[in-house]
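Trainee: I'm new to this one. Could you walk me through how to read it?

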Amino acid sequence: MTQGLPIVGAAGIGPFGLDYRGMARRLGGDARHSRSAPPIPPEADVGDRRSRRLMSRSAHLCAVTLHRLLDETGWRGGLDELGFFLGVGESTCGADDLFPMFRESLEGERFSLERFGARGLTASPPLVVFQLLNNFTLCHGAILEGIGGPNGVYYSSAGTVTALAQAAHAIAEGQCRRAVAGAADHGLSPICLAELARNGFTADGLEASEGSGLLALAAEAQEPIARLERCKLLSTRGRGLASAAETALESLGTVDAIVIAPWGRGAREGLLQATSRRHRNLEVVDLTSALGDALAATPALGWLAAIDLLTERDVARAVVLSAGIDGQLGVVALGRGAAA
Amino acid sequence: MDPADRRGSLSRRRVWVRGLGAVSALGRTWADTRRALAEGRRAIGPISRFDAADFPCPVAAEVTSETVGGERRVALALPAAREAWGAAQCDADPARVAVFVGSESGRVSFEVLVALGRGAGGAGFDAGAFMAVAAEHADSLAARRLSPASVASAIARQIRAEGSVDTLSLACASGSAAIIEASRAIQLGECDVALAGGVGADVDPMMLAAFALLGATSERGVSCPFDVRRDGFVLGEGAAMVVLAAERGDSVIEVAGAGRTLDGYRITAPDPEGSGARRAIRQALVEAGTDSVDYVQAHGTSTPLNDRIEALALRRALGAALDQALVGSVKGALGHWIAGAGALGFLCGCEAVANGLLLPTAGLEQPDPECDLPHIVGKARERRAGSALVNAFGFGGANTSIVLRRAA
């Protein structure tokens, strides 16, 4: 990947809005955004009411983002060969869908498995399972658009970097000529918020959010908006996050801008330490500080911020560093494309 | 041009199967499981862990071992991983050992979900009450119980792997997708050894209910893939793990080809023409450089539509060569492991290629004319097999196919 794999389109939805363009500018300084993505206007929405009813929040965000991306790239033919690789979080159905099932299963104050089998089952939408399986974050959009190529669904933020790497591999290997890669996640569900609180992350400053970010990659392109120069997932075991990030930055040579996408305070401190030592004069965009943590989607939103820097500012090369509690460091280097 | 025909431009390393391991309702090891499968035994029976009498499908292939407590996925996966790792006898730098696991989320215990449901309030959702109830059930909501990644992390710790640790969630294709990713990582030199596989632990009231709501489970309580009487799948649970390596050791099996496609058709049904499945099979065959295989471990779920469409896809992908193969589906004996299904199928394919043990489709007595395949009925066949095809097709239309080959 010496020249870099062409990125021919990008799209995202998150607390920054329905368009990632101008995002880096809006993230500067002490800007704080809502933790929710804005409502999706009817003209931007996808599917019909019934199909949307079957989607988890993550799947819905992903499907809308995918549709916008395909519009932007003009990829409307030959989608049965299009690759699609996605990082996802734990898919959860809405409380409104799930809890009636349990309420109908109560006999007085006592839960009755008999009632659950006989009556509770009919109280929730029959397709609730399609919200519970994680891969449906990808499948709803793929089905609406008719995507049929090589694919993968990878769990959580490190998995999002893997998704991008696999998309690049799929193109390099000739499995497909074009691929979509990114992530979608929703950290604002009641169960997710409860889990974050229980583990002490909320008290430690983590603010969950939501979002979806997708890139369109192609084997070749005349005027790409950016180029994917490197995509690696590195283990930090035995050397610590700051040291691993420093080494990664050093190996990349000249870098004009850095976007950090840390999961939690420890990761933020490590990434800031790495960037401050060797890149004092560079602007560092702290994505999760400004937008909250969109969990699996955070690295992908970081790529969008980097592309925005490449296209809107005098930046030739931007690096996105993502890290979380899994001990893995995501390193994605993006270079300016001809269209920038 | 079929994308499969453009493949293979990169110089790649070969991928060898070095060790297998499984925990199933038929045995605590793969050795025990395959012996039982070869005899045509079946593990499906009434669910014992909870009262499922009023559920549409009250049976499953349960792992009832007393050691399987706490977080079921990890408890099932670790012994399977240990067996595979021990059999592989790989001596590799830990930094060059990676882990790829197909897994869905862990399930909050049913009791906790019920309590949360109560906490959620009456007509509208009461977030404050919900959070208070959630706090009471804090341990049940811990990440280690819910996160799909907790299985891969636990395995990495167990075998002291320091390479990448990846979790794939592609529903019923998760386990085989993990094996495909592991193979690619070895081919491309990203790691030298990979422990890969899948785990399914969905025999719980919530998932039993969810699949019943879909109408996907058998109301007769019988798993009989490709049989004219089939009416849905029966849930099973277990873990299947494999060690893949760039170094051959004394292995005779290699991963020769793989294909991954999406149906892109409907959320509730597979493409009626089987196009996505056919393309996945073709990709795997082309990558393996062959037009035929000796054994097919079919996805074969025992649902009326899926079995018919898989049969159609196999016929279209393999043509007349299909008649020279033999076809089995392990789900007749062990039920549907969902995220672990593809990995279990992979082990069955390995058995055919390594030992000439072609496992049957238990429960198949009256083959459906619309599933016109060269079935293995009753007990296993012993026949030398130079190659095997393993299919796994997931809810939502994710298709994977893998070709295994016996090396000289």
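**Reading the model**

Mentor: Let's start with a small detail: just after H7(B), Gly189(B) has a positive phi of about 80°. This is a predicted model, where local features need pLDDT of at least 70, side-chain atom pairs count only at pLDDT 80 or more, and totals for chains, interfaces and linings use all residues. Residues are numbered from 1 along each chain as its sequence is written, chains are lettered from A and ligands numbered from 1 in the order in which they are written, and side-chain values use heavy atoms, with hydrogens and water left out.

Trainee: What span does helix H7 of chain B reach from its first C-alpha to its last?

Mentor: Helices are DSSP runs of H or I with at least four residues, strands are runs of E with at least two, and both are numbered from the N terminus. The expected span of a helix is 1.5 Å times one less than its number of residues. H7(B), residues 174-187, reaches 20 Å, close to the 20 Å expected for its 14 residues.

Trainee: Are the residues of H7(B) buried or exposed?

Mentor: Buried means under 20% relative accessible area, exposed over 50%, partly exposed in between (1.4 Å probe, protein chains only). In H7(B), 14 of the 14 residues are buried, so the helix is largely enclosed by the rest of the structure.

Trainee: How many helices and strands does chain A have?

Mentor: Chain A has 13 helices and 12 strands. Its C-alpha atoms fill a box of roughly 65 × 50 × 35 Å along the principal axes, and 63% of the 340 residues of chain A count as buried.
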